[in-house]
Amino acid sequence: MKDHSFLQRKYLVNSYVNRGLTLVAGDGVHLYDAAGTPYLDLMSNYGVNIFGYGHPALTARLEKQLRTLVTLHGSFTNDLRSETAQELVSRCGGGLAQAFFSSSGSEANEAALKFAVLATGRKRFIACRNGYHGKTLGALSATDGSKFRSAFEPLLWDFVFIPFNDLESLEAALQAETAAFLVEPIQGEGGIILPDPGYLAEAAELCRSRGALLVLDEVQTGLGRTGRFLASQSEHIAFDIVTVGKGLGGGIPAAATLVTQAIGDKIPRSAHTSTFGGNPLAAAGIRATLDLIDDPLLGYVRDVGAYFLERLRSIRSDLIVQVRGVGLMLGLVVSAMRDDILKGLQREKVLAIPAADDVVRFLPPFIIEKPHLDEATEKIEKVVSSLSRN
Ligand SMILES: Cc1ncc(COP(=O)(O)O)c(C=O)c1O
């Protein structure tokens with residue numbers, strides 16, 4: 001039998017943390033190793049598999065599209081692509097009028113930065129400390145953290161970093177040359193950090209008063225993750241630019257940059273394109289995903305997320321400092337041994353992911369049920385109690 005972990009180390013650039021686990025299949029809320037052992041997925045591949053694995057509606061739509069048309073360059077019209085854009089724009093609301101499709105969250109943010117320059121004629125940006133917007137060069141310029149940036153500095157354009165959830169700093173940083181403020185509604189990679197209610201709406205007002213745009217990076221928080229279609233729909237905001245990705249394509253790489261008509265009108269032909277952006281296969285994944293995210297589902301995400309939050313908060317351990325989050329975007333903040341907890345959970349056949357230096361992050365698929373979360377809670381309890389005794 002082939003040693004796949006050896007092949008992985010030898011033939012793939014080792015730029016990822018290696019979890020030491022080979023997974024070959026998925027079904028529902030479980031991933032399976034080659035021996036058929038199920039692992040309970042509480043991370044949906046960093047937020048992608050929002051309907052788990054092999055969802056019948058997604059699979060049927062994608063299978064049909066595979067036989068119909070997989071790729072079509074954006075210079076041609078495609079029925080599915082245009083209808084999908086219309087549906088996505090209408091689900092986002094807030095004055096957004098047009099979508100630019102791409103294939104990853106980083107690309108969606110790159111497009112947002114370019115569109116902000118085209119719309120404002122300015123080239124300075126503000127982003128948040130502890131924020132994450134991707135690792136391609138433009139997106140990396142907006143991402144904080146020396147572990148990501150230091151080898152590549154100086155990065156592109158002119159970014160000023162301010163503390164998250166701090167309107168005074170935003171006001172001070174906004175200048176006549178500021179094109180946009182790029183911010184996550186909830187910092188995900190940074191540790192599941194929620195701002196005060198009203199922060200985003202006030203930030204939008206401040207930006208508007210200075211002629212700058214607000215770019216909301218909903219790549220992790222969007223598509224129902226927090227129990228709303230977009231997390232920032234918890235506030236009344238007239239959007240300028242919103243980016244989405246991860247779960248958007250039903251597992252097919254897909255992302256989108258949504259803009260108002262006024263911004264869309266300022267983007268000239270050929271200024272920004274992508275060969276794969278909005279290909280019909282991805283559009284089919286997006287369409288099927290949008291059909292599945294209805295009001296009852298969003299209500300379910302809020303309820304089941306609140307249940308998990310409560311269960312996590314019931315765990316008594318001196319290792320646990322705080323449990324925070326909303327919907328199915330939750331973080332367990334620990335005082336030590338975060339990676340040992342993740343490894344312990346993996347040994348118990350439960351998959352979670354890290355965030356910041358001290359957070360165990362849970363991004364379960366939306367089809368998770370309370371018994372799965374009970375099972376997960378018991379295993380988390382077992383792992384943290386075994387570690388705190390050592
Ligand atoms: C908020 C946010 N923006 C952007 C990205 C980058 O997305 P991708 O890895 O698809 O390029 C991520 C990925 O985790 C993210 O969480």
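**A172 counts as exposed, with a relative accessibility of 60%.** Exposed means over 50% relative accessible area, buried means under 20%, and partly exposed lies in between (1.4 Å probe, protein chains only). Before looking further, please note that this is a predicted model, in which local features need pLDDT of at least 70 and side-chain atom pairs count only at pLDDT 80 or more, while totals for chains, interfaces and linings use all residues. Residues are numbered from 1 along each chain as its sequence is written, and side-chain values use heavy atoms, leaving out hydrogens and water. A172 belongs to helix α8, which covers residues 167–173. Helices (H or I, at least four residues) and strands (E, at least two) are DSSP runs, numbered from the N terminus. Ten residues separate A172 from I162 in sequence, and their C-alpha atoms are 9.5 Å apart in space.

**Y199 is a buried residue of helix α9.** This helix spans residues 199–209. Why is Y199 called buried? Its relative accessible area is 3%, so Y199 falls into the buried class. Leaving aside neighbours within four places in sequence, Y199 is in contact (heavy atoms within 4.5 Å) with C128, F164, N165, D166, L167, F181, V183 and E235. Look for N165 in particular: Y199 and N165 are 34 residues apart in sequence, yet their C-alpha atoms lie 6.4 Å apart.

**Here are two glutamines, with Q86 exposed and Q346 buried.** Q86 sits in helix α4 and has a relative accessible area of 58%. Its C-alpha atom is 39 Å from that of A376, a residue 290 places away along the chain. Q346 is part of helix α13 (residues 338–347), and its relative accessible area is 12%. Which residues does Q346 touch? Not counting residues up to four places away in sequence, they are R19, G20, L21, Y39 and L351. With R19 there is also a polar contact: a polar atom of the Q346 side chain lies 2.8 Å from the backbone oxygen of R19. A polar contact is a pair of N or O atoms within 3.5 Å; within protein, one must be able to donate a hydrogen and the other to accept it, and residues adjacent in sequence count only if both atoms are side-chain atoms.

**The ligand is surrounded by residues that include S106 and D217.** A residue is near the ligand if one of its heavy atoms lies within 4 Å of it. The residues around the ligand are S104, G105, S106, N109, Y132, H133, G134, E184, D217, V219, Q220 and K246. Zoom in on three short distances. A backbone N or O atom of G105 is 2.9 Å from a ligand oxygen, and a side-chain N or O atom of S106 is 2.6 Å from an oxygen of the ligand. D217 offers a polar side-chain atom 2.7 Å from a ligand nitrogen.

**Now for some backbone surprises at P154, N45 and M337.** Most residues other than glycine have a negative phi, and most peptide bonds are trans. The bond from E153 to P154, however, is cis, with omega near 5 degrees. P154 lies in the loop between α7 (146–149) and β6 (158–162). N45 has a positive phi, near 55 degrees, and is found in helix α2 (residues 44–47). M337, also not a glycine, has a phi of about 60 degrees and sits in the loop between β12 (329–334) and α13. What relative accessible area does N45 have? The value is 32%, so N45 is partly exposed; M337, at 32%, is partly exposed as well.

**N49 is buried in the loop between α2 and α3.** Helix α3 covers residues 56–68. The relative accessible area of N49 is 14%. Not counting residues up to four places away in sequence, N49 touches S44 and P365.
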